[in-house]
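Reader: Please show the model, and then take me through its burial, overall build and one of its helices.

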Amino acid sequence: MADEIVFYTNPMSRARIVRWMLEEVGRPYRAEVLDYGTTMKAPGYLAINPMGKVPAIVCDGEVVTECAAICTFLADRFPEAGLAPGPQEAGRGTYLRWMFFAAGPLEAAVTANSLGLLPPEDKARMVGYGSYDAMVDALETAVSGPGPWILGDRFSAADVYVGAQINWGLMFKSLPERAAFIPYAERLRARPAYIRASEIDDALIPKG
């Protein structure tokens, strides 16, 4: 089947971002739920992702891993969903800027801060994010524009990927409750695709 999408996931992982993206794209997909330490590390899955981590997708025989790459790939592969500016469209640079910012400085700074591993001030220039506070200030500018989304009035895959990290950051207190973050996260949570994806994943989490 052309453009068949197989989605490898676990509901308690970053794969929730990709589930949301798939729901925004609106194409049928088949989900394979993997368990940590067992099926995620089995030879069959390691042949797909040698890291033994989720998410991953296989679309028409092509393997894509890493959340930002998957979101970018899906937006470009299915342009009818309108989730990314084309290469020659206005906004493409802004879109890519914040996708890569979230995959690099944002995730690295949040992780380092949560683990108590931020560099001393005299070593901050050695890390890509510089400082946690500088990263948060830059992130705030991404969602402080005149429109409701990163690209203004146009919702895009950047809102899925960047927005998911802001949403989690607020829930798990790994990002401060900046005035721009809170209403932005509320808009994201109201999207039908976000609601559908959350309900699917929440139902897959073992109870008790």
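Author: Of the 208 residues of the protein, 46% count as buried (under 20% relative accessible area, with a 1.4 Å probe and protein chains only). This is a predicted model, in which local features need pLDDT of at least 70 and side-chain atom pairs pLDDT 80 or more, while totals for chains, interfaces and linings use all residues. Residues are numbered from 1 along each chain as its sequence is written, and side-chain values use heavy atoms, leaving out hydrogens and water.

Reader: In what pattern do the helices and strands follow along the sequence?

Author: The protein has eight helices and four strands, taken as DSSP runs (H or I, at least four residues, for helices; E, at least two, for strands) and numbered from the N terminus. Read along the sequence, the pattern is β-α-β-α-β-β-α-α-α-α-α-α.

Reader: What span does helix 4 reach from its first C-alpha to its last?

Author: Helix 4 covers residues 92-114, 23 residues. The expected span, 1.5 Å times one less than the number of residues, is 33 Å, and the helix comes close to that at 32 Å.

Reader: At which residue does helix 4 bend?

Author: The bend is the angle between axes fitted to the seven residues ending at a residue and the seven starting there. In helix 4 this angle is about 40°, and Pro-105 follows within four residues of the site, Ala-102.

Reader: Which helices do the buried residues of helix 4 pack against?

Author: Buried residues of helix 4 include Trp-98, Phe-101 and Leu-106. With contact meaning heavy atoms within 4.5 Å, the buried residues of helix 4 pack against helix 3 (67-77), helix 5 (132-142) and helix 6 (157-171).

How values were computed: Buried means under 20% relative accessible area, exposed over 50%, partly exposed in between (1.4 Å probe, protein chains only).
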